[in-house]
Amino acid sequence: MRTVLVTGFEPFGGESINPSLEAVKKLSDSPWQQVRLVSCTVPVVRYQSAQVVIEAIEHHQPDVVIMLGQAAGRHAITPERIAINLDDFRIADNAGNQPVDQAIDAAGPAAYFSTLPVKAITKTLRDAGIPCQISHSAGTYVCNHLFYSVQRYLEQRTIRSGFVHIPLLTQQAVLGQQPSMSLETIVHGLKLAILASLEHPNDIALAGGTIC
């Protein structure tokens, strides 16, 4: 039985909930066949975020790691393709850290790619009628910091990993000014993403880049 580690962030920026954590809770409560699903809650704190997830990886020894985060303003589930070596926080994290134009790891490369099959995930979700787009920027906040740090940690290991951003929940967008998605749709999409990650050790060839 293969093991999948799914992580979700605590609320931040004055929010009382974080859709990534709510989705992780639902995924953990769901029945799974031939999959051992494990999870962890991630603090929205610069270096501590990666420390918590790396400790969970060492403890559970998963085959796949899928990190989740909130992306206000996005209308689709968005598998991230690239993590960059940059912390440039528009707002402070939950511990008050607000680095500006600082490297995550001064000895690390400029970027890492996801090792998840991001195109297979995108096609699977779209075929199921769930909005999904590949993203080429995970931002420069704690989501990207975690993504980069975990990819660096796993660079010489066979564990596949990557980051997926999800929209705000419907109850977070009550003013109607931002796109949102129901928790049920998010969870369904993430279940499909997990299965696609296990079914596709190599990504599919599918046009999905951007022009500008």
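Student: Which residues lie nearest the centre of the largest pocket?
Tutor: F12, Q70, A72, R90 and Y141 do. Keep in mind that this is a predicted model.

Student: How many residues line the largest pocket?
Tutor: The lining holds 17 residues. They divide into 7 nonpolar, 6 polar and 4 charged.

Student: And what volume does the largest pocket have?
Tutor: About 460 Å³.

Student: What about cavities, how many of 30 Å³ or more does a search of the whole structure find?
Tutor: The search finds 1 cavity of 30 Å³ or more. The largest cavity holds about 30 Å³ of space.

Student: Which residues line the largest cavity?
Tutor: Its lining is made of F9, F12, V44, Y141, V142 and C143. By class, that lining divides into 6 nonpolar, no polar and no charged residues. F12 and Y141 are also among the residues that lie nearest the centre of the largest pocket.

Student: How does anyone find empty space in a pile of atoms?
Tutor: A probe the size of a water molecule is rolled over the atoms, and this shows where empty space is left.

Student: Back to R90. Where is it in the chain?
Tutor: R90 sits in the loop between strand 5 (82-84) and strand 6 (111-113).

Student: Is R90 buried or exposed?
Tutor: R90 is exposed, because its relative accessible area is 72% and the cut-off for exposed is over 50%.

Student: What separation is there between the C-alpha atoms of R90 and D203?
Tutor: They are separated by 33 Å. Along the chain, the two residues are 113 residues apart.

Student: New topic, the sheet. What is the strand order in the open sheet of 5 strands?
Tutor: The order is 2-1-3-7-4, and the pairing is mixed. Strand 2 (35-42) and strand 4 are the edge strands, since each pairs on one side only.

Student: In which sense do strand 3 and strand 7 pair, parallel or antiparallel?
Tutor: Strand 3 (residues 64-70) and strand 7 pair in the parallel sense, over 7 bridges. Within that pairing, G69 has H165 as its bridge partner, and L68 has V164.

Student: And strand 4 with strand 7, parallel or antiparallel?
Tutor: Antiparallel, over 2 bridges; strand 4 covers residues 78-79. There, T78 stands opposite H165, while P79 has V164 as its bridge partner. H165 is therefore a partner of G69 in strand 3 as well as standing opposite T78.Student: Which strand pairs with strand 3 over 4 bridges?
Tutor: Strand 1 (residues 2-9) does, in the parallel sense. In this pair, V4 stands opposite V64.

Student: How many of the residues of strand 3 are buried?
Tutor: 7 of the 7 are, so strand 3 is largely enclosed by the rest of the structure. Both of its faces are covered: V64, I66, L68 and Q70 are buried on one side, and V65, M67 and G69 on the other. Q70 also appears among the residues nearest the centre of the largest pocket.

Student: How many residues of strand 7 are buried?
Tutor: 7 of the 7 residues of strand 7 (residues 160-166) are buried, so that strand is largely enclosed by the rest of the structure. On one side the buried residues are R160, G162, V164 and I166; on the other they are S161, F163 and H165.

Student: OK, helices. Where is S149 found?
Tutor: S149 is found in helix 4, which runs over residues 142-153.

Student: Why is S149 called buried?
Tutor: Because its relative accessible area is 14%, and buried means under 20%.

Student: What does S149 touch?
Tutor: It touches A50 and I104, if residues up to four places away in sequence are not counted.

Student: How many of the residues of helix 4 are buried?
Tutor: 11 of the 12 are, so helix 4 is largely enclosed by the rest of the structure. The buried ones include V142, C143, F147 and Y153. V142 and C143 also help line the largest cavity.

Student: What span should helix 4 have?
Tutor: At 1.5 Å a residue, its 12 residues should span 16 Å, and the end C-alpha atoms are 16 Å apart, which agrees.

Student: And what span should helix 5 have?
Tutor: Helix 5 (residues 183-199) has 17 residues, which should span 24 Å at 1.5 Å a residue; its end C-alpha atoms are 24 Å apart, so the two agree.

Student: Which residues of helix 5 are buried?
Tutor: Among them are L183, I186, V187, L190 and I194. G189, A193 and S197 are buried too.

Student: Why would residues three or four places apart point the same way?
Tutor: Because an α-helix has 3.6 residues a turn.

Technical notes
Residues are numbered from 1 along each chain as its sequence is written. This is a predicted model: local features need pLDDT of at least 70, side-chain atom pairs count only at pLDDT 80 or more; totals for chains, interfaces and linings use all residues. Side-chain values use heavy atoms; hydrogens and water are left out. On a 1 Å grid over the protein atoms alone, a cavity is a set of points where a 1.4 Å probe fits but cannot get out, and a pocket is an open set with protein on both sides within 12 Å along at least five of seven lines; lining residues have an atom within 4 Å of a point. Grid points are joined across faces, edges and corners, and a volume is the space filled by probe spheres set on the points. Ala, Val, Leu, Ile, Met, Phe, Trp, Tyr, Cys and Pro count as nonpolar, Asp, Glu, Lys and Arg as charged, and the others, Gly among them, as polar. The expected span of a helix is 1.5 Å times one less than its number of residues. Buried means under 20% relative accessible area, exposed over 50%, partly exposed in between (1.4 Å probe, protein chains only). Two strands pair if DSSP finds at least two bridges between them. Contact means heavy atoms within 4.5 Å.
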